[in-house]
Amino acid sequence: MAFNSVTFLVFLVATAVAYGCTPQRLRWLLLLAASYVFYGHWRIGYLGLIVASTGIDYCAGLVMSATAAPRARRAALAIAICANLTLLGTFKYLGFFLGLGESLFGVALPGVDILLPVGISFYTFQSMAYSIDVYRGAVAAERHAGYFALYVAFFPQLVAGPIERPAHLIGQLKRRVSFDTERIRSGAMQMLFGFFQKIVIADNISVIVDAVYAQPANSPPAALWIATYLFAFQIYCDFAGYSNIAIGCARIFGIDLMQNFDRPYLSASIPEFWRRWHISLSSWFRDYVYIPLGGNRRHWAANIAVVFLLSGLWHGAALTFVAWGAIHGIVMWLGRAWPARRRPTAQRESPWRIWRQRLLTFHIVCFGWVFFRAATFGDALTIVARCVGDWSASDHDWPIALDSTSLWIALAGVALLLASEIWERDEPSWRRVLRAPAVVRWSIYLALSAAILNLGVPHAVPFLYFQF
């Protein structure tokens, strides 16, 4: 079930009430059952994939904890990783590689029509992180199968993260939780802010972006520029909105999930952007791919290329995602080739220079988003060509009306978002609301709720990262 549905809200309230009434020793069972119901609501048959991934890594952990023989431990780890990647590759990439093989070799291959299981990229990476950490000795193998299954399937972050680590999550699942109104209030406020990001900002932007990107060859350059800028905020508010809902939801059950976004569009470089954007995935690639390959010590250029190729493919089996990853990898490489220490210290500390760097970084990110959002690689090239082409041409109709309600709601929402993020210092603005006087606090609660109920689009828009 989707977060932006009445069904989910009913499910969440019922689960939270049941959780508070359930003895501590049985709460893991309640949350595990709720998590399987949550995921099975989409397609019950794909519950078998979660169970399979869970069983593979659970058994691998037990084998690695039972022996000190390096060969046996490496074999258990290799089997676990290969099995998980086989599941992921079959359901997410088989059709892509069959089509690629047909294009390269001209051989007609049998077509496949496999429905992509929601969230498979997220829970396989979370499950693999456990096996790798047990192999490294970073965590002890979890012997309670129920707690481990809950670690893999915990419903707030099951479908689109954050991708948690065993050292951070498993212990919390075992922790005794007592009723805490402050914790529940904080979680509910973060969820409310996440719903505002998704329903009011991201969904209204989607109306504009979908209309323009559906016909890039027939849209004037100005419309393409507007849609590209807006998509940057659509994907941010859509995904950060999901993360805020997930983190707030988990806090209601006494679980603190990791932060997944930290004002990424205020980044002054692409490396900084990746420290602020989808933090759980970028840190996963850093810890489990980049550093094991040699990190900054050796072959760093090749390591960056591998990480961003994999990052592109993780997002989707298409040339557009590979190009998106390549753009970020090239800019990361250039940043390493021309490090900041070569620039004068006074210039480096200038506020004007910082804002210039932020604007440059934002535009590089937007350039990458063109390939990420375009339906095909050809469409992406068309959009880029038209954006830098002849602006005097007037033979194309605007696919959007400039007086569109969705456009003005989207622009107002983006302005409010940017103002709140520039205002933030050491904590998010939604948390500051919790310390405001009661009149101010409740005014904000009611304003956000009214906006969510009245300013969304008529139909529910799926979260963008559900496709990954």
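User: Leaving out residues up to four places away in sequence, which residues does Arg373 touch?
Analyst: This is a predicted model, where local features need pLDDT of at least 70 and side-chain atom pairs count only at pLDDT 80 or more, while totals for chains, interfaces and linings use all residues. Residues are numbered from 1 along each chain as its sequence is written, and side-chain values use heavy atoms, with hydrogens and water left out. Contact means heavy atoms within 4.5 Å. With sequence neighbours up to four places away set aside, Arg373 touches Val209, Asp210, Tyr213 and Phe231.

User: How far apart are the C-alpha atoms of Arg373 and Ala232?
Analyst: Arg373 sits in helix H16, residues 351–373; helices (H or I, at least four residues) and strands (E, at least two) are DSSP runs numbered from the N terminus. Along the chain, Arg373 and Ala232 are 141 residues apart. Between their C-alpha atoms, the separation is 9.6 Å.

User: Is Arg373 buried, partly exposed or exposed?
Analyst: The cut-offs are under 20% relative accessible area for buried, over 50% for exposed, and partly exposed in between, using a 1.4 Å probe and protein chains only. The relative accessibility of Arg373 is 21%, so the label is partly exposed.

User: What share of the chain's residues is buried?
Analyst: For the wider picture, the chain has 20 helices and zero strands. Residues 24 or more positions apart account for 76% of its contacts with a separation of 6 or more. Of the 468 residues in the chain, the buried share is 51%.

User: How do H3 and H6 run relative to each other, roughly parallel or roughly antiparallel?
Analyst: Two packed helices are described by the angle between their axes and the distance between the axes. Here the axes of H3 (residues 47–66) and H6 (residues 120–136) come within 9 Å and cross at roughly 5°; axes are lines fitted to C-alpha atoms, for helices over the stretch in contact, and angles run from 0 to 180 degrees between N-to-C directions. Under 35 degrees counts as roughly parallel, over 145 as roughly antiparallel, 65 to 115 as roughly perpendicular and the rest as oblique. That crossing therefore makes H3 and H6 roughly parallel.

User: How many nonpolar residues are in the contact of H3 with H6?
Analyst: From H3, the residues that meet H6 include Leu49, Ile50 and Met64, and their partners in H6 include Ile120, Met128 and Val134. In the classes, Ala, Val, Leu, Ile, Met, Phe, Trp, Tyr, Cys and Pro are nonpolar, Asp, Glu, Lys and Arg are charged, and the others, Gly among them, are polar. The contact has one charged residue and five polar ones, and the nonpolar count is eleven.

User: Which helix gives the most residues to the lining of the largest cavity?
Analyst: A cavity is a set of points on a 1 Å grid over the protein atoms alone where a 1.4 Å probe fits but cannot get out, and lining residues have an atom within 4 Å of a point. Tyr19, Arg27, Trp28, Leu31, Leu150, Gln172, Leu173, Arg175, Val177 and Ile255 line the largest one. Two elements give two or more residues to that lining, H2 (27–40) and H8 (166–174). With three residues, the top contributor is H2.

User: What is the volume of the second largest cavity?
Analyst: A volume is the space filled by probe spheres set on the points, with grid points joined across faces, edges and corners. Two cavities reach 30 Å³ or more, and the largest has about 40 Å³. The second largest is lined by Tyr19, Gln24, Arg27, Trp28, Tyr147, Leu173 and Arg175. Its volume is about 30 Å³.

User: What is the phi of His278?
Analyst: Most residues other than glycine have a negative phi. His278 lies in the loop between H11 and H12 (279–293), and at 1% relative accessibility it counts as buried. Although His278 is not a glycine, its phi is positive, at about 40°.

User: Leaving aside neighbours within four places in sequence, which residues is Asn296 in contact with?
Analyst: Asn296 is in the loop between H12 and H13 (300–315), and at 52% relative accessibility it is exposed. Asn296 and Arg336 are 40 residues apart in sequence, yet 9.8 Å apart from C-alpha to C-alpha. Beyond its neighbours within four places, Asn296 is in contact with Tyr290 and Arg336.

How values were computed: 1 Å grid on protein atoms, 1.4 Å probe; cavity = no way out; pocket = protein on both sides within 12 Å on 5 of 7 lines; lining within 4 Å.
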